[in-house]
Amino acid sequence: MEVQVFGTRKNADTRAALRFFAERRIKTHFVDFTVRAPARGELLRFAQKFGLANLIDRTSKRFAELGWAAARYSDDQWLEKLTIEPGVIRQPLVRYRQQLTIGPSETTWKTWE
């Protein structure tokens with residue numbers, strides 16, 4: 001079993017997810033958004049399942065800094081913005097085969113074991 005975890009090491013929820021899988025000796029492939037920006041196609045996969053609004057962390061410091069609270073972008077524009085500014089993506093994004101989660105989802109992750 002191998003899961004992919006997308007996020008940043010600075011994010012507490014991402015660190016908790018990595019710890020969750022490490023404690024269970026589940027192999028992880030970590031994609032750090034500070035090293036490699038998220039791919040549009042990868043973000044689209046999560047947006048199609050959960051909706052684009054659930055992918056955006058409107059409470060993040062970076063979201064406030066950018067002043068996007070009043071922004072009215074199309075879905076394509078939002079996806080483009082998220083690839084450029086991954087600090088406003090809810091983290092972690094976790095993928096196991098065709099199953100996806102956004103944010104901390106330990107109850108779901110336990111069903112994957």
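Let's start with one pairing: Tyr-96 has Gln-99 in strand E4 as its bridge partner. That link belongs to a predicted model of a protein chain with six helices and four strands. From there, we can look at the strands around Tyr-96, then at a helix residue, and then at the chain as a whole.

**The strands around E3**

- Tyr-96 sits in strand E3, which covers residues 93-96.
- E3 and strand E4 (residues 99-102) run antiparallel and are joined by four bridges.
- Two residues lie between the strands in this E3 and E4 hairpin, and Arg-97 takes a positive phi near 55° there.
- E3 also pairs with strand E1 (residues 2-7), again in the antiparallel sense, this time over three bridges.
- One pair to look for here is Gln-4 with its bridge partner in E3, Arg-95.
- Is E3 covered on its faces or left open? Both faces are covered: Leu-93 and Arg-95 are buried on one side, and Val-94 and Tyr-96 are buried on the other.

**Leu-18, a residue to find in helix H1**

- Helix H1 spans residues 12-23, and Leu-18 is part of it.
- Leu-18 has a relative accessible area of 14%, and since buried means under 20%, it counts as buried.
- Leaving aside residues up to four places away in sequence, Leu-18 touches Val-5, Arg-9, Thr-28 and Phe-30.
- Val-94 of E3 is 76 residues from Leu-18 along the chain, yet their C-alpha atoms are separated by 10.0 Å.

**The chain as a whole**

- Reading along the sequence, you meet the pattern β-α-β-α-α-α-α-β-β-α.
- The radius of gyration is 14 Å, close to the 13 Å that the globule rule gives for 113 residues, so the chain is as compact as a globular protein of that length.
- Along its principal axes, the C-alpha trace spans about 40 × 25 × 25 Å.
- Of the contacts with a separation of 6 or more, 65% are between residues 24 or more positions apart.

**Burial, surface and charge**

- Buried residues make up 43% of the 113 in the chain.
- The chain exposes about 6700 Å², with carbon and sulfur atoms supplying 46% of that area.
- How many charged side chains are there? The chain has 20 positive and 13 negative ones, and the centres of the two sets lie 2 Å apart.

Methods: Residues are numbered from 1 along each chain as its sequence is written. This is a predicted model: local features need pLDDT of at least 70, side-chain atom pairs count only at pLDDT 80 or more; totals for chains, interfaces and linings use all residues. Side-chain values use heavy atoms; hydrogens and water are left out. The radius of gyration is taken over C-alpha atoms; the globule rule is 2.2 Å times the number of residues to the power 0.38. Buried means under 20% relative accessible area, exposed over 50%, partly exposed in between (1.4 Å probe, protein chains only). Contact means heavy atoms within 4.5 Å. Accessible areas come from the Shrake-Rupley method with a 1.4 Å probe; for residues, only the protein chains shown count as cover. Lys and Arg count as positive and Asp and Glu as negative; His and the chain ends are not counted. The place of a charge is taken as NZ of Lys, CZ of Arg, CG of Asp or CD of Glu. Two strands pair if DSSP finds at least two bridges between them.
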